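Welcome! Here are some exercises with worked solutions for you to try at your own pace. Have a look at the display first, then read on.

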Amino acid sequence: MSTLPMVDPEKSADTFIQRLSDKTALSENMAVHVRLPEPANEKLKDSLIRIVGSESSPVVMFRSDALVQMGLIKSSPGPEFFTSLSNFDDKELDRRLQTEADLLSGKLGETTPETVLFEGRSPVAMTKGLSFDLASLNAGIAVPAMLCPVTPASTTAAWGKSLLITAPQVVQDPTRTWDPCTGAGTQGGVWTFAHLMRQLATNSGNTPEVFVQRWLETWLNPQVINNDSVAQRLNMFNQVIQPWATASGGTATLVVDGAGRLGVSLTAPLNLNIAPFRLLAIVNRVDLGRTVNGPAGYGGGTTSQPVNAGELRFIFGVTQKVSATNCGLKQFTTIFEYGVPITGCSNVVAWARDWLNLNSFSTFNSGYLTALQGITQRVVMANLAPTKGNKNALNQIRTNEIALATDGKWELREFTLSAENFVANTDTPVSGLLRPHTVAQSPDDGLHSATSSALVDQYVRNVVLPTVPAGSGPAPAQCSSNYTVPYSFLGTRFRGGNSLIPPNSWKATSINPALPKELCARHDFSLNTCQGCHRSDTATVFTHVKPTTGVPAALSSFLTGGGPGSFITVSDTQFPASGAKWRFADLDRRWRRLHQLANCTSCSRFPIFSGGLVDAVGQMAGVVPIDPVGPLSSDPKFEVGPITDFAVVKKILDSRAQFAVGETEEPLNLVRPAESFTH
């Protein structure tokens with residue numbers, strides 16, 4: 001990291017706040033200035049207003065320089081900043097200043113004055129910390145709002161307590177886990193496969209044992225998911241189901257039903273307490289916080305409001321015990337991925353602090369284990385997500401394995417408590433059994449060639465490329481994108497029902513590597529597929545948490561970057577001759593995000609506007625400066641275009657109160673680039 005360029009902290013700041021001399025009609029007392037990327041629609045380059053978010057939930061922002069010229073604020077952080085207005089409680093300042101004092105005193109552990117700046121997945125620069133300037137704020141000057149004077153040290157130990165927990169004291173905790181290899185632990189403990197499945201099966205109409213059996217049986221039959229034919233993997237029977245049934249005191253027999261589908265007849269239910277799933281890791285993915293337009297990890301708007309606390313994950317490795325000394329660790333991981341059922345800025349900040357506070361324990365002692373259990377139980381227990389399938393917070397279960405293969409290919413599958421309608425383009429929560437689901441951000445690798453698909457090329461060029469910020473490059477600078485791979489594209493089914501490796505990455509045939517935006521679009525698209533993330537685009541051998549290396553499980557270099565203070569570089573998989581190299585140190589990136597949420601985030605109240613505000617802007621200006629074009633309806637009432645008349649800006653500013661329908665508590669950086677992370 002020390003080789004990265006050093007950037008002045010104020011120049012790196014993306015969010016500034018500034019007191020208003022008078023409250024607005026909506027009782028707003030603070031101007032919040034946010035650095036927006038150049039618009040995807042070049043028509044809006046000189047617009048004095050930008051509308052981000054969506055038509056139904058718009059965020060109307062005014063160019064900060066324009067507000068200075070109109071005499072509404074004293075100064076602007078710069079021409080690339082746009083302003084929204086909020087009702088800010090000074091108690092947030094007191095909390096922020098106390099946190100700074102705690103950081104500087106060492107109360108919160110070892111700190112460093114330097115921090116790493118990431119763009120997308122890549123570390124791109126270093127900067128120094130910056131104390132909050134209360135005196136300047138009180139004088140009406142715009143001050144950086146989301147920087148702290150120091151950063152908690154990014155270390156392997158810190159990651160292992162607050163981000164990706166693989167310590168033997170946790171994954172082999174005798175009261176909370178059970179080890180199918182040794183038989184040690186507590187059957188049905190709160191971090192066991194059994195406990196998680198029992199909570200998932202609640203409200204499903206099935207016993208937990210049947211719930212799990214039906215899930216495993218999905219491998220025994222070919223599946224058709226979005227018209228993608230997913231082949232059966234019969235080894236699920238002889239490598240998982242049958243040995244488990246025997247250990248449960250019964251027998252398992254393959255049977256065929258009246259429709260010709262394979263199932264399993266058991267003389268005794270599978271004993272969930274002895275499930276052959278060994279805990280490898282507990283993972284905090286607060287960096288995947290959802291946005292108003294959908295999960296940040298699976299799509300979203302170019303700029304969107306973070307509204308929840310991301311995901312909590314449990315990673316298990318599948319085993320088949322051979323003998324007392326041979327556990328039979330398989331190349332097979334199963335990941336439970338829960339959407340944390342916590343919303344609202346202050347609640348999300350508190351959640352992040354709970355994770356960060358785990359680092360206050362010097363060891364993985366009883367206090368640490370109790371605190372971690374308190375965190376996980378707030379997510380995995382039944383009935384915590386009333387609007388989701390089985391009222392469970394699960395987003396999806398994903399599997400990654402070659403253990404069941406007969407063709408030498410790794411396979412990734414996904415399962416949810418939801419029903420996909422591939423024609424209507426909907427994915428609706430349903431209660432019942434786990435259902436096979438399309439795989440996030442990944443094309444159908446049976447229908448589309450990973451090396452020569454014209455349709456993939458058109459998708460990258462026409463959908464992904466427009467979401468890449470203008471001014472990108474050279475690689476890896478300013479490379480991020482935002483899109484959701486659809487079920488169908490240009491009338492052809494597109495998203496896959498599974499992912500096989502190989503292919504190891506995805507190419508776009510018409511991309512020009514000399515153009516940084518195009519290079520970025522192709523790379524980001526490939527990186528976000530299952531294949532690219534688990535193979536060539538990250539220089540990974542299929543799993544990021546290794547199921548066959550024992551305890552603690554080994555981690556990929558994509559995650560560790562080679563160790564604290566370092567990053568790995570991976571040559572572009574389609575254009576290695578271009579010299580483009582992509583940097584990864586994902587746990588460091590997640591650590592910076594956790595620190596920012598827990599320590600450097602202040603919450604404020606912002607007005608919520610109805611979609612009628614967009615129409616009103618169009619009526620007053622004749623155009624709507626909404627960016628990107630994507631959120632607009634298929635038959636927009638007004639053309640997308642810039643607003644450059646100061647009188648119109650003033651009129652729109654004054655008319656906002658007519659369309660306010662409430663308030664929402666959001667972080668000061670409520671508008672930030674949404675990135676298409678899937679892993």
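**Exercise 1.** How are H10 and H16 oriented to each other?

*Solution.* Keep in mind that this is a predicted model. Start with the axes: those of H10 and helix H16 (residues 586–599) come within 7 Å and cross at roughly 125°. Angles from 65 to 115 degrees count as roughly perpendicular and those over 145 as roughly antiparallel, while an angle in neither these ranges nor under 35 degrees is oblique. H10 and H16 are therefore oblique to each other. As for handedness, H10 passes H16 in a left-handed crossing. On the H10 side, the contact is made by Val 348, Val 349, Ala 352, Arg 353, Trp 355 and Leu 356. H16 brings Trp 591, Leu 594, His 595, Leu 597, Ala 598 and Asn 599. Sorted by class, these residues are nine nonpolar, two polar and one charged.

**Exercise 2.** Find which residues of H10 and H11 meet.

*Solution.* First place the helices: H10 covers residues 345–356 and H11 residues 366–380, and their axes come within 10 Å, crossing at roughly 145°. The crossing of H10 past H11 is left-handed. Next, look for the residues that touch: from H10 they are Trp 351, Asp 354 and Trp 355, and from H11 Leu 372, Ile 375, Arg 378 and Val 379. Finally, divide them by class, which gives five nonpolar, no polar and two charged residues.

**Exercise 3.** Work out how H7 lies against H8.

*Solution.* Helix H7 (residues 193–201) packs on helix H8 (residues 208–217) at an angle of about 100°, and the axes are 9 Å apart. That angle makes H7 roughly perpendicular to H8. H7 contributes Phe 193, Met 197, Arg 198, Leu 200 and Ala 201 to the contact, and H8 contributes Pro 208, Phe 211, Val 212 and Trp 215. The class count for this contact is eight nonpolar, no polar and one charged residues.

**Exercise 4.** Why is strand S22 described as largely enclosed?

*Solution.* Count the buried residues of S22 (residues 410–416): seven of the seven are buried, so the strand is largely enclosed by the rest of the structure. Then take the faces one by one. In a regular strand the side chains alternate between the two faces of the sheet. One side of S22 holds Trp 410, Leu 412, Glu 414 and Thr 416, the other Glu 411, Arg 413 and Phe 415, and all of these are buried. Now add the partners:

- Strand S21 (residues 394–401) pairs with S22 in the antiparallel sense over five bridges, and Ile 397 has Phe 415 as its bridge partner.
- Strand S28 (residues 499–501) runs antiparallel to S22 and is joined to it by three bridges, with Glu 411 opposite Leu 500.
- Strand S25 (residues 435–437) is paired with S22 over three bridges, again in the antiparallel sense, and Glu 414 stands opposite His 437.

**Exercise 5.** Look for unusual backbone geometry in two loops.

*Solution.* Most residues other than glycine have a negative phi, and most peptide bonds are trans. In the loop between H11 and S21, Asn 383 has a positive phi of about 70°. With 42% relative accessibility, Asn 383 counts as partly exposed. Asn 390 sits in the loop between H11 and S21 and has a positive phi of about 60°, but at 0% relative accessibility Asn 390 counts as buried. Move on to the loop between S28 and helix H13 (516–527), which holds Pro 502. The peptide bond from Ile 501 to Pro 502 is cis, with omega near 0°. The bond from Pro 502 to Pro 503 is cis, with omega near 10°.

Key: Residues numbered from 1 in each chain as written. Predicted model: local features only at pLDDT ≥ 70, side-chain atom pairs only at ≥ 80, totals over all residues. Heavy atoms only, no water. Buried < 20%, exposed > 50% of the residue type's maximum accessible area, 1.4 Å probe, protein only. Helix = DSSP H or I, 4+ residues; strand = E, 2+ residues; numbered from the N terminus. Pairing = 2+ DSSP bridges. Axes fitted to C-alpha atoms, helices over the stretch in contact; angles between N-to-C directions. Contact = heavy atoms within 4.5 Å. Nonpolar A, V, L, I, M, F, W, Y, C, P; charged D, E, K, R; others polar. Left-handed = near helix turned anticlockwise from the far one by under 90°.
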